[in-house]
Amino acid sequence: MRNRAPYPGGRLRDDRALWAILAIALAFRLGLGSQMTVLHADEVWQYLEPAYGLVTGSWVRAWEFHAGLRGWFVPVLLVPPLALGHALSPDTQLHIYLMRAMLAVISLGIPIAWYDLARPLGRGHALIAAWVAAIWCEVFYFGVRPSAEGLGMALLFPAMALAQRVRYQPQRRNALALGLLLALGFVVRFHYLPAIALIAVWSLGRNWRAVLPMLTLGFAAGIVLGGLCDLVTGHVPLLWIWRSIAFNVVAGGAAMFGTQPPWWFAQFQIETWYWTALAIVPLVAIGAWRRPMLLAIAVAIYIPHSLIAHKEYRFVILGATTLVLLAAIGSAELCDWLRRRFPCAMPGERSTLIVLGIAWLGLSLAVSLAPTFIMYWRQGDKAFSTLAIAGEQPGVCGLGLYNQPNHPALAISLFNRPVPALLFDGPEAPAQAHAMVSRYNVMIAAQLDRPALPATFHLVECWHQGDLPIDERRQCVFVRSGGCQGDAGDFTYQPAMERRGK
């Protein structure tokens with residue numbers, strides 16, 4: 001395992017073991033991408049829905065877009081697979097699966113970057129790092145999410161690898177690419193700015209005068225690209241960043257969504273790792289001894305987010321997975337030390353790597369089945385699968401949404417039908433649903449609301465809610481026979497939702 005040259009000879013693409021790891025990584029990601037899981041509603045209404053709107057012209061606008069708090073780089077990035085899927089098979093969910101497949105491929109940059117970050121310490125270190133990136137549940141779970149956090153990992157881990165390379169082997173094209181990745185990482189999630197600055201500083205070794213101009217040029221190109229995405233969609237370039245800061249930080253708007261104490265991230269991180277933290281934390285310390293800059297980058301992610309009142313684990317997933325990278329390096333370093341210290345007791349290098357790889361697979365499985373993480377595997381599947389099921393009903397010509405618990409409740413990107421959608425909400429919902437019954441023939445409502453619906457509707461399915469108490473089956477599909485007449489009028493979903501202050 002020991003090879004202390006700054007960058008050993010040979011190219012990454014010549015390592016067959018790395019290719020095998022990438023194939024496994026892709027299989028994990030595509031497998032997860034085939035499931036209708038949504039960790040957070042932002043994945044749908046901040047990224048997927050506006051991207052679908054760019055393709056079809058029809059989408060549900062969340063309040064953040066009306067307030068100008070969201071950028072358009074990520075939605076524009078999602079357009080190609082959505083447009084291709086919609087063109088090839090407009091009546092299916094192909095556009096969703098193609099989008100997730102694209103994100104799965106993009107996220108393969110993470111195991112490649114981990115390999116490259118660990119390669120100066122030895123090929124064994126590099127292979128273990130790449131393997132952990134391939135199979136670690138937090139990495140591949142967020143890797144296929146259409147979210148700022150998932151794309152942030154896909155952009156900034158390769159940026160870290162390039163920064164390390166540029167520091168020891170300054171090359172103009174690498175410095176240019178590094179600047180571009182850092183800028184796009186900033187556009188995707190500007191909250192990572194302290195970590196982005198650290199990565200940039202990391203690249204400035206003794207030859208900083210040769211690196212800085214190209215790094216700056218690449219960063220400027222990335223900022224321009226992000227601004228162009230805003231501009232071509234009809235918005236002032238990057239103005240949303242200031243508006244987001246003004247609303248969430250200056251005006252304290254983030255507190256509307258809940259507040260947590262400064263130590264919450266550390267507490268939740270241990271809860272997420274569960275008992276595996278007993279192994280991961282000491283290994284992080286060993287890895288930080290070999291790669292202290294990675295620890296500094298992780299800290300630069302955790303500390304600023306800890307100072308903001310509203311906290312969600314996804315906000316710091318880049319920091320969490322950087323710690324896992326350090327632990328992977330630490331585990332290889334520990335095995336390396338044991339093999340030197342006890343050469344007769346330790347197995348050969350190849351056997352050591354196999355055992356270590358199996359151990360990391362076991363740790364990933366343990367975290368994925370831990371109480372905190374296990375809920376993620378089915379997160380959001382009921383509500384969003386119900387929308388897809390509603391759109392697949394034969395002859396659907398109009399959709400009604402009846403007293404849904406949260407709004408937005410409609411994602412046209414998942415319903416995927418160019419038909420009117422109506423909202424019935426509040427005490428007058430039963431009378432409204434009866435009066436407008438000719439305008440829709442599919443309804444999403446709670447199972448207990450069946451007596452209040454028009455008598456012509458019958459229950460089709462409460463998808464994956466059979467194990468819930470009947471009063472918790474809130475997303476069920478009801479249909480009636482026959483077609484539709486007339487438009488949605490005042491009950492059109494978007495304006496009806498906005499009138500209710502949603």
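A disulfide is here a pair of cysteine sulfur atoms within 2.5 Å. By this rule, the structure above, which is a predicted model, has a count of 2 disulfides. When the bonded cysteines are counted along the chain, the pairing follows the pattern 1-4, 2-3.

One of these links joins Cys397 to Cys484, with a distance of 1.9 Å from S to S. Cys397 lies in the loop between α20 (381-391) and β1 (399-402), whereas Cys484 lies in the loop between β5 (476-479) and α23 (493-499), so the bond ties together parts that are 87 residues apart in sequence. The link of Cys397 and Cys484 is right-handed, with 75° about the S-S bond. As for its surroundings, Cys484 has a relative accessible area of 25% and is therefore partly exposed, because that term covers values between the limit for buried, under 20%, and the limit for exposed, over 50%.

The other pair is formed by Cys462 and Cys476, whose sulfur atoms are 2.0 Å apart. The torsion about the S-S bond of Cys462 and Cys476 is about 110°, so this disulfide is right-handed. Cys462 sits in the loop between β4 (458-461) and β5, while Cys476 belongs to strand β5 itself, and the pair, 14 residues apart, links distant parts of the chain. Both Cys462 and Cys476 are buried.

Two further cysteines can be placed on the scale of accessibility. Cys229 has a relative accessible area of 8% and is therefore buried, and Cys335, at 11% relative accessibility, likewise counts as buried.

Note on methods:
Residues are numbered from 1 along each chain as its sequence is written. This is a predicted model: local features need pLDDT of at least 70, side-chain atom pairs count only at pLDDT 80 or more; totals for chains, interfaces and linings use all residues. Side-chain values use heavy atoms; hydrogens and water are left out. Helices (H or I, at least four residues) and strands (E, at least two) are DSSP runs, numbered from the N terminus. Buried means under 20% relative accessible area, exposed over 50%, partly exposed in between (1.4 Å probe, protein chains only).
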